[in-house]
Amino acid sequence: MAADAPAPSYQFDGPADAPLIVALAHGAGVGMDSPFMAEVAAGLGELGWRVARFEFPYMQRRRADGGKRPPDKQPVLLDCWRQVIADLGPGRLVVGGKSMGGRMASLVADEAGVAGLLCFGYPFHPPGKPDNLRIDHLRQLATPALILQGTRDPFGRADEVATYPLDPGIAFHWAEDGNHDLAPRKRSGRTAEQNLAEALTAADGFLRDRIA
């Protein structure tokens, strides 16, 4: 990491003796204590997994002084992930996170040799810019991966993602009528709690496959 970058600090959920640690990074606009991140971490912890949440340097600085900052440049974000992987050890580590955090994890997963990749709301493209794809490294991915995505996510809807030339080893769980936080509209007849519970069940199955 850069010499002036603060070292990652961690917020843990779940049992310390779990067979895997799931390291989760936040999205671009909110930190590791956002409601979505907190619910995912608590849910995975209740299912028996050790979850380690952390924040990128810009978010740590924002939290310290209250100043609004844009995300760090990609090399800084990737170096932060590398430090997290070094801290926690890649052997029994699954990396991932929300949106940008999951995307950055996907860029270092293969080089680090982690056990798996778990992305909630992958940003396949910026909203309204479907041609600006962020999938080059996903065409060939050696790390077992699960992407949990809302079917109407503006960063990559189900009908769009179905056309992408992604590695066939990448698995998907689709949250019905879900947005970027997997939440459905009221008229769908579903609830955010239902979509999140189903996503956590899918994540639990993916993690159990990693230790099978």
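**A walk from the sheet to Asp13**

Start with the sheet: in this predicted model, 7 strands line up as an open sheet in the order E1-E3-E2-E4-E5-E6-E7, and their pairing is mixed. At the edges sit E1 and strand E7 (170–175), each of which pairs on one side only. Going from one strand to the next, the twist averages 20°. As a quick reminder, strands of a sheet pair through backbone hydrogen bonds, either parallel or antiparallel.

Now bring in the helices. Helix H3 (residues 74–88) lies across E1, strand E2 (21–25), E3 and strand E4 (93–98), and it runs at about 160° to E2. Helix H4 (residues 100–112) lies across E2, E4 and strand E5 (116–120), running at about 145° to E4. So E2 and E4 are crossed by H3 and also by H4, by the contact cut-off of heavy atoms within 4.5 Å.

Back to the edge strand E1. Its partner is strand E3 (residues 50–54), with the two pairing in the antiparallel sense over 3 bridges. Along that pairing, Gln11 stands opposite Arg53 in E3.

Arg53 turns up again when you look at Asp13, which belongs to strand E1 (residues 11–13). The side chains of Asp13 and Arg53 make a polar contact at 3.0 Å. Is Asp13 buried or exposed? Its relative accessibility is 18%, so Asp13 counts as buried, the cut-off being under 20%. Leaving out residues up to four places away in sequence, Asp13 touches Ala41, Ala42, Gly45, Trp49, Arg50, Val51 and Arg53.

Methods. Residues are numbered from 1 along each chain as its sequence is written. This is a predicted model: local features need pLDDT of at least 70, side-chain atom pairs count only at pLDDT 80 or more; totals for chains, interfaces and linings use all residues. Side-chain values use heavy atoms; hydrogens and water are left out. Helices (H or I, at least four residues) and strands (E, at least two) are DSSP runs, numbered from the N terminus. Buried means under 20% relative accessible area, exposed over 50%, partly exposed in between (1.4 Å probe, protein chains only). A polar contact is a pair of N or O atoms within 3.5 Å; within protein, one must be able to donate a hydrogen and the other to accept it, and residues adjacent in sequence count only if both atoms are side-chain atoms. Two strands pair if DSSP finds at least two bridges between them. Axes are lines fitted to C-alpha atoms, for helices over the stretch in contact, and angles run from 0 to 180 degrees between N-to-C directions.
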